[in-house]
Every structure is written in C-alpha cells, then in structure tokens.
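Please open the model in your viewer and keep the sequence panel beside it. The stops below are meant to be taken in order, each with something to select and something to look for.

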Amino acid sequence: MRHTVGAVTVNSNHDMRPIFLVGYMGSGKSTLGRALGDATGLQFIDLDTYIERRFHANIRDIFAERGEEGFRDIERRMVREVCEFEDVIVACGGGTPCFFDNMDVMNASGTTVFLRASTEKLHERLKLGRRRRPLIAAMNDDELLDYIMTALEKRMPHYGKASCEFCADYLDDAAMIRRSVREFAKRFGLPMKDGNVPDAK
C-alpha cells in the first residue's frame, strides 16, 4: 500500500521502491542507512561497496585504472541497476548526484533524501576521519573547512533536486542514531521489524 508523507509518496509493504540517501561526505549516509536497515529489515546498499563487489576492485584502484571519468560511468550504470531493486535503502557516494542524470533517474525510480548536515558538523566529523579519506588526509583544519564550504556550494544545486531533506546532525552516538532512525521511519512510513511505525520521540 502506498501513502503520502508530505509531498513524498512511499510504500509500506513488500514492494517499496528504493530510498536513496544523498549528501556530502561525513553527512552520515552509511551510518543512517545501515541503522535503518537493521531496524526495518530493509536491505542496505552502500553504492561504493556495491561497485567494489561487482567489479572486484576497490574504489581507489578503479579511479587509478580508469580515471574519474571511467569511475563515474561505472557509477552511472550501477545507479540504474540498483534503481530496479525493491525494499532497499541506498547510500550514494557524495558525488553521485552531481554527474550525468543520476538524480533524475533516482527521483523517477524511488525517493531521494538529502541528508543535510551543518557545515560545523561536517567539519567536526571529517576532522576525525580525514586519515581514511585520501582527498582530505593532508589538509589542516582551516584548509578542510574551506574545502567543505567550496564543495558544498558547488554541489548544493544537485543535492537540492532531492525529493526531501532530513537533518543529519544527530548521528554521533548510539542514542542519537536510534532517535534519528525513529524520526526517519515515522516520516517516511517505514515499519520497524515489529510491524509498527514508531513515534519520533
């Protein structure tokens, strides 16, 4: 059965169309998506991990071998592949919405949710995790903040095409994640494993 939450139509049965989580690196797409999968029983797909498994290579090696153009073409094809799935929550790469017509395709195939985190929160998270991210590993704190602000300005027109937004500032400990999961599930009509849509309290 489909029903409407605001301007977004979602399903609450076994044939739910995909939910795509989009947003900048550090916004919590994988954290929230994985937690939602655990709580609802929906399959969680991290698009980068999906690509790595399909091509038997990590993202860094794909970039090195094929360049960004080659990677983005692979990503474009894999977006269309996961659009055919049902009962899935897909965490997209930070740049996925910014290339080709990926956002249009995802919007036509499911519900796109922009995880909007404040610049301060993104900076805080990426400072802690920058060693795992080659693009920002060598930056100092000020350089990192400038990089985030510049990148967000360029990407916001693409992120802004999402069906709706969800605040992603509260994903930094287990209690925050549980609350965000309840709020997300309530807003988008996702039943938890016990069959109930929770109150966002």
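Begin with helix α4, and colour its buried residues together with what surrounds them: these buried residues pack against β3 (19-22), α3 (59-82), β6 (111-116) and α6 (141-159). Bear in mind throughout that this is a predicted model.

Which residues of α4 should you select as the buried ones? In this helix, which covers residues 102-109, they are N102, M103, V105, M106 and S109. Looking around the axis, you will find that they cover an arc of only 160°, which puts them on the same side of α4.

Now step back and show the whole protein as a cartoon, where seven helices and seven strands can be found. Followed from the N terminus on, the elements run β-β-β-α-β-α-α-β-α-β-α-α-β-α. If you colour by burial, buried residues make up 46% of the 201 residues in the protein. Turning to contacts between residues at least 6 apart in sequence, 68% of them join residues at least 24 apart.

Next, select helix α1, residues 29-40, and helix α7, residues 174-188, which pack at an angle of about 70° with their axes 10 Å apart. Are these two helices roughly parallel or roughly perpendicular? The angle makes α1 roughly perpendicular to α7. To see the contact itself, show side chains for T31, L32, A35, L36 and A39 in α1, which meet I177, S180, V181 and F184 in α7. Of the residues in this contact, seven are nonpolar and two are polar, while no charged residue takes part.

Stay on α1 and select its buried residues, which are K29, L32, G33, A35, L36, G37, A39 and T40. Their surroundings take in both strands and a helix, since the buried residues of α1 pack against β3, β4 (43-46), β5 (88-91), β6, β7 (164-167) and α7. You can also check the length of this helix with a distance tool: at 1.5 Å a residue, its twelve residues should span 16 Å, and the C-alpha atoms at its ends are 16 Å apart, which agrees. Just after α1 comes G41, whose phi is positive, near 85°.

Two further residues with positive phi, neither of them a glycine, deserve a stop of their own. Select D87 in the loop between α3 and β5, where its phi is near 60°. With a relative accessible area of 22%, D87 is partly exposed. Then move to F100, which is found in the loop between β5 and α4 and has a phi near 50°.

Finish at D141, which has its place in helix α6. Is D141 buried or partly exposed? Its relative accessible area is 32%, so D141 is partly exposed. Leaving aside residues up to four places away in sequence, show what D141 touches, namely H123, K127 and R130. As a last step, draw a line from the C-alpha atom of D141 to that of L126: the two residues are 15 residues apart in sequence, and the distance between these atoms is 9.4 Å.

How values were computed
Residues are numbered from 1 along each chain as its sequence is written. This is a predicted model: local features need pLDDT of at least 70, side-chain atom pairs count only at pLDDT 80 or more; totals for chains, interfaces and linings use all residues. Side-chain values use heavy atoms; hydrogens and water are left out. Buried means under 20% relative accessible area, exposed over 50%, partly exposed in between (1.4 Å probe, protein chains only). Helices (H or I, at least four residues) and strands (E, at least two) are DSSP runs, numbered from the N terminus. The arc is that of the directions from the helix axis to the C-beta atoms. Contact means heavy atoms within 4.5 Å. Axes are lines fitted to C-alpha atoms, for helices over the stretch in contact, and angles run from 0 to 180 degrees between N-to-C directions. Angles under 35 degrees count as roughly parallel, over 145 as roughly antiparallel, 65 to 115 as roughly perpendicular and the rest as oblique. Ala, Val, Leu, Ile, Met, Phe, Trp, Tyr, Cys and Pro count as nonpolar, Asp, Glu, Lys and Arg as charged, and the others, Gly among them, as polar. The expected span of a helix is 1.5 Å times one less than its number of residues.
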